[in-house]
Amino acid sequence: METYNLSVATKKLYEAPLALFTTASLKDLLQVENDMTLFSIIRRLIRSGVIEKIERGKYRLVNSTTGDFELASFLYTPSYISFETALNFYGILSQFPYEVTSATTKKPVKKHIHEKIFSYTRVNRSLFWGYKKDKQALIAEPEKALLDQIYLSSKGLRNAPLDEYDLSRIN
């Protein structure tokens, strides 16, 4: 069995440019060949408080400054922040959304992570555009977030009270 020094693993994690990891990215970063050894290292890193398990096969550095947007993009790909969350981010919708809402081309899903809800709504592949990269997250442009909201409203899946929106921020 391969042995591995926990301090070496910790150093590699803190020197990595990312704070969110999959099992595969940990295997590559730590250069571990054996899966049993990898899972042993992951368990030791969790017990020592270096990383925390987010969900199956996904981990985060404990003291990282990753925000909800980065976490949302990491949890379910492909996806981008849109709908109420993006509208609030741009100041178009003053109400603070209860969930972090994202658009995806995959099946819709809700994830409960650390007392927060991340919801992913399916949009047609032809409508999966109009986003930009912000740090490690993808977020819809203001106009696209509004279009996404209106599109789902027309299907009866979302409420889009246009009188509550500050449309002066829309180009």
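**Cores, sheet and pockets of a predicted model**

Biologist: Let's start inside. Which residues does isoleucine 81 touch, not counting residues up to four places away in sequence?

Modeller: Bear in mind that this is a predicted model. Isoleucine 81 sits in β4, which covers 79-81, and Ile81 is among the residues with the most contacts inside the largest nonpolar core. Leaving out residues up to four places away in sequence, the ones Ile81 touches are Phe69, Ala72, Ala86, Val100, Thr101, Ser102, Leu138, Ile139 and Ala140.

Biologist: And that core as a whole: which element gives the most to it?

Modeller: The largest nonpolar core has 31 residues, and Leu71, Leu75, Leu87, Phe118 and Tyr165 are also among those with the most contacts inside it. Elements that each supply at least two residues include α5 (83-89), β5 (100-104), β7 (116-122), β9 (137-140) and α6 (142-154). The top contributor, with 5 residues, is α4.

Biologist: There's a second, separate core too. How many residues does it have?

Modeller: Phe21, Val32, Leu38 and Leu45 are included in this one. Phe21 falls in strand β1, residues 20-22. The size of this second core is 16 residues.

Biologist: Now the strands. Which residue of β3 is the bridge partner of phenylalanine 21?

Modeller: β1 and β3 pair in the antiparallel sense, over 3 bridges. Both faces of β3 (residues 58-61) are covered, with Lys58 and Arg60 buried on one side and Tyr59 and Leu61 buried on the other. The partner of Phe21 comes from the side that holds Leu61, and it is tyrosine 59.

Biologist: What about glutamate 52, which residue is its bridge partner in β3?

Modeller: Here the neighbour is strand β2 (residues 51-55), which runs antiparallel to β3 and is joined to it by 4 bridges. The partner lies on the side of β3 that also has the buried Lys58. That partner is arginine 60.

Biologist: Which residue in the hairpin of β2 and β3 takes a positive phi?

Modeller: The hairpin has 2 residues between the strands. One takes a phi near 80°, and that is glycine 57.

Biologist: Glycine is one thing, but is glutamate 115 buried or exposed, given its positive phi?

Modeller: Glutamate 115 has a phi near 65°, in a residue other than glycine, and is found in the loop between β6 (109-113) and β7. Its relative accessible area is 86%. Exposed means over 50%, so Glu115 counts as exposed.

Biologist: Where is lysine 135 placed?

Modeller: Lysine 135 also has a positive phi, near 60°. With a relative accessible area of 64%, Lys135 is exposed. Its place is in the loop between β8 (131-134) and β9.

Biologist: Any odd peptide bonds? What is the form of the one from threonine 77 to proline 78?

Modeller: Proline 78 is found in the loop between α4 and β4. The bond that leads into it from Thr77 has omega near 0°, and is cis.

Biologist: On to the pockets. Which element supplies the largest share of the lining of the largest pocket?

Modeller: That pocket holds about 380 Å³ of space. Of its 19 lining residues, the closest to the centre are Leu18, Leu20, Thr66, Glu70 and Gln136, and the lining divides into 11 nonpolar, 5 polar and 3 charged. Two elements give two or more residues, α1 (6-15) and α4. The largest share, 4 residues, comes from α4.

Biologist: And which element gives the most to the lining of the second largest pocket?

Modeller: This one has a volume of about 220 Å³. Its lining has 13 residues, with Asp68, Phe96, Pro97, Glu99 and Val100 nearest the centre; by class there are 7 nonpolar, 2 polar and 4 charged. α4, α5 and β7 give two or more residues each. The most, 3 residues, comes from α5.

Biologist: Last, the whole protein: what percentage of its residues count as buried?

Modeller: There are 6 helices and 9 strands, and the C-alpha trace spans about 65 × 25 × 25 Å along its principal axes. Among contacts between residues at least 6 apart in sequence, 52% join residues at least 24 apart. Of the 171 residues, the buried share is 45%.

Definitions and conventions. Residues numbered from 1 in each chain as written. Predicted model: local features only at pLDDT ≥ 70, side-chain atom pairs only at ≥ 80, totals over all residues. Heavy atoms only, no water. Core = buried A, V, L, I, M, F, W, Y, C linked by side-chain atoms within 4.5 Å. Buried < 20%, exposed > 50% of the residue type's maximum accessible area, 1.4 Å probe, protein only. Contact = heavy atoms within 4.5 Å. Pairing = 2+ DSSP bridges. 1 Å grid on protein atoms, 1.4 Å probe; cavity = no way out; pocket = protein on both sides within 12 Å on 5 of 7 lines; lining within 4 Å. Points joined across faces, edges and corners; volume = space filled by probe spheres on them. Nonpolar A, V, L, I, M, F, W, Y, C, P; charged D, E, K, R; others polar.
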